[in-house]
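Please consult the sequence and the structure together while reading this report.

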Amino acid sequence: MRVTVDQSRCLGAGQCEQLAPEVFRQDEEGLSRVLVPEPDPASWPRVLQTVDLCPVQAVLIDEGPGPAPQDTK
Ligand code: SF4
C-alpha cells in the first residue's frame, strides 16, 4: 500500500501533517506532500485517519501489492 496526496485538491488545511508529521509535510505553498509513500506499519492507522479527516479527500491510498496495514502488525 502506498499513500499519495492529490495536490490539485489539497487546500492546505494541515490535518494530515498534524496527525502524521512523519508522513506528510506542507510545502512552501502550504500544500501537503508525502514524505514517506510507504509508511511504517505503526503509522498506518493515523495515515488512514487522514483519509477520513481531509476535507477534500486529497489523501489517496493505492492498495497495490503488499500486505494490508492490519496484516503488518
Ligand atoms: S488534510 Fe487534505 S487538504 Fe489538508 S493539507 Fe492534508 S491533504 Fe491537504
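The sections below treat the fold, the individual elements, the ligand shell and selected residues in turn.

## Overall architecture

The model described here is predicted. The secondary structure of the chain consists of two helices and four strands, and along the sequence these follow the pattern β-α-β-β-α-β.

Of the 73 residues of the chain, 22% count as buried. When contacts between residues at least 6 apart in sequence are considered, 62% of them join residues at least 24 apart.

## Strand 1 and its partner

Strand 1 comprises residues 2-5. Its covered face carries Val3 and Val5, whereas Arg2 and Thr4 lie on the uncovered face. This arrangement may be read against a general rule: in a regular strand, side chains alternate between the two faces of the sheet.

Strand 4, formed by residues 59-62, pairs with strand 1 in the antiparallel sense, and the pairing runs over four bridges. Within this pair, Arg2 stands opposite Asp62 of strand 4.

The segment before strand 1 contains Met1. Met1 is partly exposed, as 18 other C-beta atoms lie within 10 Å, and the cut-off for a buried residue is 20 or more. Although Met1 and Glu63 are 62 residues apart in sequence, their C-alpha atoms are 4.7 Å apart in space.

## Helix 2 and its buried side

Helix 2 spans residues 44-53, and its buried residues are Trp44, Val47 and Thr50. These residues lie on the same side of helix 2, because they cover an arc of only 110° around the axis. The general geometry is that an α-helix has 3.6 residues a turn, so residues three or four places apart point the same way.

The buried residues of helix 2 pack against three elements: strand 1, helix 1 (15-19) and strand 4.

## The nonpolar core

The largest nonpolar core has 13 residues, and Val23 and Val59 are those with the most contacts inside it. Strand 1 and helix 2 each supply at least two residues of this core.

Val23 has contacts with residues beyond four places away in sequence: Val3, Val34, Leu35, Val36, Pro39, Ser43 and Val47. Among these partners, Val3 belongs to the covered face of strand 1, and Val47 is one of the buried residues of helix 2.

## Ala20, a buried loop residue

Ala20 is located in the loop between helix 1 and strand 2 (24-26). Is this residue, Ala20, buried or exposed? Ala20 is buried, because 23 other C-beta atoms lie within 10 Å, and 20 or more suffice for that class.

Beyond its neighbours within four places in sequence, Ala20 is in contact with Ser43, Arg46, Val47 and Thr50. Val47 and Thr50 are among the buried residues of helix 2. Ala20 and Val47 are 27 residues apart in sequence, yet the C-alpha to C-alpha separation is 6.4 Å.

## The ligand shell

Which residues are closest to the ligand? Of the 15 residues that surround the ligand, the closest are Cys10, Ala13, Cys16, Ser32 and Cys54. Sorted by class, this shell holds 10 nonpolar and five polar residues, with no charged residues.

## Loop residues outside the buried class

The loop between strand 1 and helix 1 includes Ser8 and Leu11. Ser8 counts as exposed because it has 8 C-beta neighbours inside 10 Å, and the exposed class extends to 12 or fewer. Leu11 is partly exposed, with 13 other C-beta atoms within 10 Å.

Both residues have partners distant in sequence. Ser8 and Ala58 are 50 residues apart along the chain, with C-alpha atoms 8.1 Å apart in space. For Leu11 and Gly30, the sequence separation is 19 residues and the C-alpha to C-alpha distance is 8.0 Å. Leu11 also touches Pro55 and Val56, when residues up to four places away in sequence are not counted.

Gln57 is found in the loop between helix 2 and strand 4. Gln57 is exposed, with 10 other C-beta atoms within 10 Å. Its phi angle is near 50°, a positive value in a residue other than glycine.

Notes:
Residues are numbered from 1 along each chain as its sequence is written. This is a predicted model: local features need pLDDT of at least 70, side-chain atom pairs count only at pLDDT 80 or more; totals for chains, interfaces and linings use all residues. A residue is near a molecule or strand if its C-beta atom, placed from the backbone, lies within 6 Å of it. Ala, Val, Leu, Ile, Met, Phe, Trp, Tyr, Cys and Pro count as nonpolar, Asp, Glu, Lys and Arg as charged, and the others, Gly among them, as polar. Two strands pair if DSSP finds at least two bridges between them. The arc is that of the directions from the helix axis to the C-beta atoms. Two residues are in contact if their C-beta atoms, placed from the backbone, lie within 7 Å. A nonpolar core is a set of buried Ala, Val, Leu, Ile, Met, Phe, Trp, Tyr and Cys residues joined through C-beta atoms within 7 Å.
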